[in-house]
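Student: I would like to learn how to read the features of a model such as this one, step by step. Could we begin with the strands and then go on to the pockets?

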Amino acid sequence: MVPVESGDAARRRRRATVEVKQGLRELGAELTLLNRQVGTRLGLKDIDLDCLDLINTHGPLSPTALARRAGLHAATTTGVLDRLERAGWVTRDRDPADRRAFLVRALRDRNAELLELFAGMNSSVEQICADYDDAELERLAHFLRRTADAGRNAAEGLAGN
């Protein structure tokens, strides 16, 4: 049998849940602004930086896989890849499994530029994490993974995937 929460406990839980949702919205907005500043410094559009992050995280990727992950049309993805390649951020290599296809991979020697621009945020996150014990950090990481999955699922649902 599930215990029934008192009225005060239920209100506190609803209030805390609303605060979590508000915090995630604020975080999303602040990270968007940070990414925009980084992109501006690097001469990249927001979508270019997003795709570069996907390639760095999940690559090498086929253009089709990148388009799917980024929720972009194939023609838009081609434009993004052209800009990233011209700027020296990625290269296109023949797919060893299918010589007619190619894979996009990030040029890792440019990552130092990215790390330098994100250093302030990374340092701040390290300081914040220092305030939590290992179990709390594991719980926060689990929450963030589940929240990211929920966002991905919601985006896929809107895209009709």
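Tutor: Let us start with the naming: helices of at least four residues and strands of at least two are DSSP runs, numbered from the N terminus. With that in hand, Asp93 can be placed in strand E1; please keep in mind throughout that the model is predicted.

Student: Which residues make up strands E1 and E2, and in what sense do the two pair?

Tutor: A general idea first: in a regular strand the side chains alternate between the two faces of the sheet. In the present case, strand E1 covers residues 90–95 and strand E2 covers residues 98–106, and they pair in the antiparallel sense over six bridges. Two residues stand between E1 and E2, and the strands form a hairpin. Following the partners across it, Arg92 has Val104 in E2 as its bridge partner, while Arg94 stands opposite Phe102 in E2.

Student: Is Asp93 buried, partly exposed or exposed, and why?

Tutor: The class called partly exposed runs between 20% and 50% relative accessible area, and Asp93 counts as partly exposed because its relative accessibility is 27%. Although Asp93 and Arg105 are twelve residues apart along the chain, their C-alpha atoms are separated by 7.6 Å.

Student: How should I read the aromatic rings, and how many aromatic pairs are there?

Tutor: A pair of aromatic rings is described by the distance of the centres and the angle of the planes. Here, with centres required to lie within 6.5 Å, the count of aromatic pairs comes to zero. There is, however, a charge over a ring to look at, for Arg110 lies over the face of Trp89, at 3.9 Å from the ring centre.

Student: Turning to empty space, what volume does the largest pocket have, and which elements give two or more residues to its lining?

Tutor: Rolling a probe the size of a water molecule over the atoms shows where empty space is left. The largest pocket has a volume of about 2400 Å³; it is lined by 50 residues, of which Leu27, Gly28, Leu31, Leu144 and Ala148 are the closest to its centre. The elements that give two or more residues to this lining are helices H1 (7–42), H2 (46–58), H3 (63–70), H5 (111–129) and H6 (134–159), and H6 contributes the largest share, twelve residues. Sorted by class, the lining holds 27 nonpolar, 14 polar and nine charged residues.

Student: Where does Leu144 sit, and why does it count as partly exposed?

Tutor: Leu144 belongs to helix H6, and it counts as partly exposed because its relative accessibility is 45%. Its C-alpha atom and that of Met121, 23 residues apart along the chain, are separated by 17 Å.

Student: What lines the second largest pocket?

Tutor: The second largest pocket, with a volume of about 190 Å³, is lined by Tyr132, Glu136, Arg139, Leu140, His142, Phe143 and Arg146. By class, that gives three nonpolar, one polar and three charged residues.

Student: Lastly, which peptide bond is cis?

Tutor: Most residues other than glycine have a negative phi, and most peptide bonds are trans. The bond from Gly59 to Pro60 is cis, with omega near -5°, and Pro60 lies in the loop between H2 and H3.

Technical notes:
Residues are numbered from 1 along each chain as its sequence is written. This is a predicted model: local features need pLDDT of at least 70, side-chain atom pairs count only at pLDDT 80 or more; totals for chains, interfaces and linings use all residues. Side-chain values use heavy atoms; hydrogens and water are left out. Rings of Phe, Tyr and Trp (its six-membered ring) pair if their centres lie within 6.5 Å; planes under 30 degrees apart count as stacked, over 60 as edge-to-face and the rest as tilted. A charge sits over a ring if NZ of Lys or CZ of Arg is within 6 Å of the ring centre and within 35 degrees of the ring normal. On a 1 Å grid over the protein atoms alone, a cavity is a set of points where a 1.4 Å probe fits but cannot get out, and a pocket is an open set with protein on both sides within 12 Å along at least five of seven lines; lining residues have an atom within 4 Å of a point. Grid points are joined across faces, edges and corners, and a volume is the space filled by probe spheres set on the points. Ala, Val, Leu, Ile, Met, Phe, Trp, Tyr, Cys and Pro count as nonpolar, Asp, Glu, Lys and Arg as charged, and the others, Gly among them, as polar. Two strands pair if DSSP finds at least two bridges between them. Buried means under 20% relative accessible area, exposed over 50%, partly exposed in between (1.4 Å probe, protein chains only).
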